[in-house]
Amino acid sequence: MSVAAQSALGVPRARSHRWAPALAGACALVAVAATAEIVLDGAIGHSLLIPKSPSIAGWLPNIGERLGFRVFLIAIIAFTLAYGGVLALARSFTPRAAVALIGALHLIVFAGPILLSTDVFSYIAYARMGVEHGLNPYLHGPSAISADPVFHYVGQDWKHTATAYGPLYTLLSYPLAPLGLRGALWGMKIVALLASAVTLVLTWRCARERRHDPVFAILAVGANPLYVIYTVGGAHNDLIMLALMMAAVSLTLARRDGAAAAAVTAGALVKVTVAVLLPFMFIARRSRAQLVGAAAVVAIVAVAAYAAFGVHGLDVFAALKRDAAFVSTDSFPTEIAHLFGKPGVFPIDHDLLKVALVVIVVHLLWRTWRGYDWIAASGWTLLAISVTSTWLLAWYIVWPLPLAVIARDRRLLAATLAVQAMFIVHQTAPLFVPVS
Amino acid sequence: MSAPTPASPGSNAGRLLFSTRGRGEARGEPRTVRAVETAVLVLVGLLLAVATINDVVLRTHTNHRLNADLRTWRLYTGHAYRNLSVSQDVHTYTTRDVVCGNTSPGGPKERVQLCLTMTGPVVNGRRRAPGGWYLPPKAENLRRYRYACFGQAKEQRQCPR
């Protein structure tokens with residue numbers, strides 16, 4: 001147990017090396033400076049990395065230049081190296097210092113523009129379709145509201161695509177629709193910030209419950225560059241899914257099985273991926289209350305979703321199946337295909353990847369049945385989903401991180417951080433030969 | 001060792017489906033399974049790392065080629081425009097690229113565009129441009145919009161008429 005953990009658990013802190021706090025402080029400063037650089041340059045306006053957006057960060061000082069690949073990549077590499085230093089020196093952080101660092105990173109990103117993704121505009125478009133235009137977002141893409149001000153900001157690839165998100169999320173987003181485009185955008189940013197805060201508080205609580213270092217745990221999640229810049233920066237709804245996932249873990253550790261299953265089911269009705277936790281929870285606890293909790297949430301949301309969206313809002317797996325067919329250049333299957341001289345992934349590769357994922361999940365279920373930590377098994381499954389997915393985005397490899405920091409199998413944390421590091425390395429090509 | 005989450009005393013009555021569980025590993029993780037898992041993880045990690053580095057190198061080479069394409073277009077046309085569009089051969093994955101840009105100053109694709117096909121290796125920072133065609137303003141590089149093909153593009157009938 002680390003010094004910080006000892007402190008959190010009421011054990012006196014031991015002395016660390018004299019230079020360690022100074023070095024830890026320097027790493028924290030680099031992380032904050034790199035984040036500030038990305039946000040300040042991003043606030044200047046639209047670029048290849050900053051999506052077109054209503055001006056919400058115009059009040060930030062107009063210094064620097066539009067965010068380009070070179071500055072962004074140098075900043076993200078600096079942030080990543082600083083993050084490595086922060087984790088290595090986590091013992092030097094008091095709980096207050098850790099919270100201050102994470103709070104500073106979150107507030108800087110919150111104050112700035114939407115970073116690196118147009119997804120938040122899709123969320124707003126789907127909400128406005130339902131509330132302002134009386135259209136079913138499970139049947140129509142944002143192109144059905146092409147006269148609405150948000151349509152201009154929706155990503156090109158998603159203009160004709162119906163929502164892929166769960167009915168609970170769509171219903172939760174509806175109250176933001178009447179706030180206007182800027183109001184809804186700020187609303188989405190606030191929701192993302194609050195969901196991140198909940199995730200981190202629950203991560204702290206779970207880490208302490210499992211006798212892990214809670215300071216290390218929240219630093220590993222809350223100061224993670226992919227978490228801060230890509231996930232919080234893009235105001236992604238994955239943060240709501242993560243908050244509900246950690247609520248489920250926390251409730252399970254508190255032996256409230258029914259509420260835990262209800263929480264993870266609610267998470268799955270935001271983004272279906274988190275449903276993978278359910279079988280591991282069931283095997284680990286085998287409680288009737290879990291089935292009751294999960295069934296109650298499914299029933300309540302199904303009734304509400306049917307009333308709002310008809311049968312189309314109930315088929316949460318249809319969107320998952322559709323997205324599984326997409327291919328992104330950053331996905332590991334695409335990289336492996338290139339390694340073997342193929343131009344990309346083919347349908348047979350999709351089938352092989354599905355088989356590989358099934359084998360991994362069956363192995364993990366068997367291991368959990370034999371007594372393996374269900375939290376680690378759930379984390380491995382989320383990691384396996386992101387590694388075998390042909391449609392990989394930065395915030396997908398954040399999914400297993402809160403579980404990895406509280407899992408009893410520390411290999412999961414090492415593997416998750418290694419995969420994240422590889423993802424960042426893969427982004428760096430424009431740094432070596434920028435296209436001019 | 002990864003211990004299972006202890007079941008609550010109150011949940012015994014609610015246990016479903018299975019009354020027993022594998023006892024052999026409940027308190028001790030089998031070392032052989034863990035060793036095999038670790039070996040597989042290391043191998044998969046190595047594969048992913050090699051694939052990642054390989055892809056970075058490939059992308060670097062592609063960027064190098066794209067820079068040569070842009071430089072060649074500027075040299076041939078005498079225009080130092082920045083807003084050029086490059087299309088790659090995404091059907092047969094050759095290194096044949098097409099670079100299009102305005103023939104007079106203006107916003108992207110606002111004027112008549114001149115497209116050049118680029119082939120061959122990068123030599124002295126440039127590539128060969130054996131042919132090309134024109135496009136009307138605001139048109140994408142699709143065969144139906146092309147006219148006045150010249151060079152190899154004319155021989156290969158890249159224009160509709």
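Q: How many bridges join strand β2 of chain B to strand β3 of chain B?
A: In this predicted model, strand β2 (residues 97–102) and strand β3 (residues 113–123) of chain B run antiparallel. Within this pairing, B:V99 stands opposite B:L116 in β3(B). The number of bridges that join β2(B) to β3(B) is six.

Q: Which strands are the edge strands of the open sheet in chain B?
A: The open sheet holds five strands with antiparallel pairing, in the order β1-β2-β3-β4-β5 (chain B). From one strand to the next, the twist averages 25 degrees. The strands that pair on one side only, and so form the edges by that description, are β1 (85–87) and β5 (147–151) of chain B.

Q: What angle does the direction of α1(B) make with that of β4(B)?
A: Helix α1(B) packs on the sheet of chain B, where α1(B) touches β1, β2, β3 and β4 (126–135). The direction of α1(B), set against that of β4(B), makes an angle of about 65 degrees.

Q: In what order do the elements of chain B run from the N terminus on?
A: Chain B has two helices and five strands. Of the 161 residues of chain B, 20% count as buried, and among contacts between residues at least 6 apart in sequence, 32% join residues at least 24 apart. Read from the N terminus on, the elements of chain B run α-β-β-β-β-β-α.

Q: Why are α19(A) and α1(B) described as roughly parallel or roughly antiparallel to each other, and which of the two words applies?
A: The axes of helix α19 (residues 411–426) of chain A and helix α1 (residues 31–77) of chain B come within 9 Å and cross at roughly 10 degrees. Angles under 35 degrees count as roughly parallel, whereas those over 145 count as roughly antiparallel. The two helices α19(A) and α1(B) are therefore roughly parallel.

Q: How many nonpolar residues does the contact of α19(A) with α1(B) have?
A: On the side of α19(A), the residues in this contact are A:R411, A:A415, A:A418, A:M422, A:V425 and A:H426. They meet residues of α1(B) that include B:L41, B:L48, B:A49, B:D55 and B:V56. By class, four residues of the contact are polar and two are charged, while the number of nonpolar residues is eight.

Q: Which helices do the buried residues of α15(A) pack against?
A: Six of the eight residues of helix α15 (residues 332–339) of chain A are buried, so this helix is largely enclosed by the rest of the structure. The buried residues are A:F332, A:P333, A:T334, A:E335, A:I336 and A:A337, and just after α15(A), A:G341 takes a positive phi of about 80 degrees. The helices against which the buried residues of α15(A) pack are α16 (347–369) and α17 (374–388) of chain A together with α1 of chain B.

Q: Where in chain A is confidence lowest?
A: The mean pLDDT of chain A is 88, and 96% of its residues reach 70 or more. Over residues 1–14 of chain A, however, pLDDT stays under 50. Confidence in chain A is highest in helix α18 (residues 401–404), at 97, and lowest, at a mean of 46, in helix α1 (residues 3–8) of chain A.

Q: Over which residues of chain B does pLDDT stay under 50?
A: Chain B averages a pLDDT of 80, and 79% of the residues score at least 70. Where pLDDT is low, the predicted coordinates should not be read in detail. In chain B, the stretch with pLDDT under 50, for which the model has 42 contacts beyond four places in sequence, is residues 1–27.

Conventions:
Residues are numbered from 1 along each chain as its sequence is written. Chains are lettered from A and ligands numbered from 1 in the order in which they are written. This is a predicted model: local features need pLDDT of at least 70, side-chain atom pairs count only at pLDDT 80 or more; totals for chains, interfaces and linings use all residues. Axes are lines fitted to C-alpha atoms, for helices over the stretch in contact, and angles run from 0 to 180 degrees between N-to-C directions. Helices (H or I, at least four residues) and strands (E, at least two) are DSSP runs, numbered from the N terminus. Angles under 35 degrees count as roughly parallel, over 145 as roughly antiparallel, 65 to 115 as roughly perpendicular and the rest as oblique. Two residues are in contact if their C-beta atoms, placed from the backbone, lie within 7 Å. Ala, Val, Leu, Ile, Met, Phe, Trp, Tyr, Cys and Pro count as nonpolar, Asp, Glu, Lys and Arg as charged, and the others, Gly among them, as polar. pLDDT is the predictor's confidence in each residue, from 0 to 100. A residue is buried if 20 or more other C-beta atoms lie within 10 Å of its own, exposed if 12 or fewer, and partly exposed in between; C-beta atoms are placed from the backbone. Two strands pair if DSSP finds at least two bridges between them.
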